[in-house]
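The following exercises concern charged and aromatic side chains. Each task is followed by a solution in steps.

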Amino acid sequence: MSIVDRAKNMILKPADEWNVVAAEPATVGGLFTGYAMILAAIPLVSGIIFTGALGMSAAGLGGMGGGAMAIGFSAVAAMAAIGYVLSLVTLYLMSMVVNAVSPSFNGKSDMVQSTKLMTYASTPTWAAGLVSWIPILGGLISLGAIAYVVYLMYLGLKPVLGVPQEKVAGFTVVIVLIYIVL
């Protein structure tokens, strides 16, 4: 399945897609190189192109007069690259945490399946990166994407990790809390 089809299916018909994902063979490395690293580059590239090319200022950083301090293109590119690396590190750490906590909720301890869950559930936030640079609207879409990620994790826990339905909501809350702390 193409990366575009997978992303589209995760967003538009996730309940069906989680069943497909659960049964597919995969590796942690393959999930990162074939999906996560590519989609996580969307916010990176759009941030560099739109914010860097259009310019960005930080109001109030210019001193007592309330002037604006411009942030150069190289600083925008560096911040975007750091954000990209941190998002992938966070994805890996969250996959490890989900793998470690899953047995507490009667789910499987399987690093590949845990990585599938966290990688594919992250799809909306990466897709939202296409418009995240738009003032106000981008922020609202990004917040909606985060909420949708939580919903995708909720839907994916049972088919991907075998978590019993009565424990899915609690596990979802635990994942969100750990993610906030991380």
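**Exercise 1. Determine which residues are linked with R6 in a network of salt bridges.**

Solution. R6, E17 and E24 make up the network. The model is a predicted one, in which local features need pLDDT of at least 70 and side-chain atom pairs count only at pLDDT 80 or more, whereas totals for chains, interfaces and linings use all residues. Residues are numbered from 1 along each chain as its sequence is written, and side-chain values use heavy atoms, with hydrogens and water left out.

Step 1. Apply the criterion: a side-chain nitrogen of Lys or Arg within 4 Å of a carboxyl oxygen of Asp or Glu. Over the whole structure, the search returns two salt bridges.

Step 2. Take R6 with E17, whose closest N and O atoms are 2.5 Å apart. This pair links distant parts of the chain, 11 residues apart: R6 belongs to helix α1 (residues 3–12) and E17 to helix α2 (residues 14–23). Helices here are DSSP runs (H or I, at least four residues), numbered from the N terminus.

Step 3. Take R6 with E24, where the N to O distance is 2.6 Å. E24 is in the loop between α2 and α3 and R6 is in helix α1, so this bridge ties together parts 18 residues apart in sequence.

Step 4. Assign burial by relative accessible area (buried under 20%, exposed over 50%, partly exposed in between; 1.4 Å probe, protein chains only). R6 is buried at 4%, and E17 is likewise buried at 4%. E24, at 24%, is partly exposed.

**Exercise 2. Establish how far K116 is from the nearest side chain of opposite charge, and identify its polar contact with a side chain.**

Solution. Step 1. Locate K116: it lies in helix α6.

Step 2. Count Lys and Arg as positive and Asp and Glu as negative, leaving out His and the chain ends. The nearest side chain of opposite charge is E24, 5.5 Å away; K116 is buried yet has no salt bridge.

Step 3. Search for polar contacts (N or O atoms within 3.5 Å, one able to donate a hydrogen and the other to accept it; residues adjacent in sequence count only if both atoms are side-chain atoms). The side chain of K116 makes such a contact with that of Q113, at 2.8 Å.

**Exercise 3. Characterise the aromatic pairs formed by F32 with Y92 and by Y35 with Y120.**

Solution. Step 1. Rings of Phe, Tyr and Trp (its six-membered ring) pair if their centres lie within 6.5 Å; planes under 30 degrees apart are stacked, over 60 edge-to-face, and the rest tilted. This rule yields five aromatic pairs.

Step 2. F32 and Y92 are edge-to-face, at 6.1 Å centre to centre and 65 degrees between the planes. F32 is in helix α3 (residues 28–39) and Y92 in helix α5 (residues 73–101), so the pair ties together parts 60 residues apart in sequence. F32 is buried at 11%, while Y92 is partly exposed at 37%.

Step 3. Y35 and Y120 are also edge-to-face, at 4.7 Å and 75 degrees. They lie 85 residues apart, Y35 in helix α3 and Y120 in helix α6 (residues 111–121). Both Y35 and Y120 are buried.

Step 4. Extend the second pair: Y35, Y120 and W126 form one aromatic cluster.

Note on methods:
Helix = DSSP H or I, 4+ residues; strand = E, 2+ residues; numbered from the N terminus.
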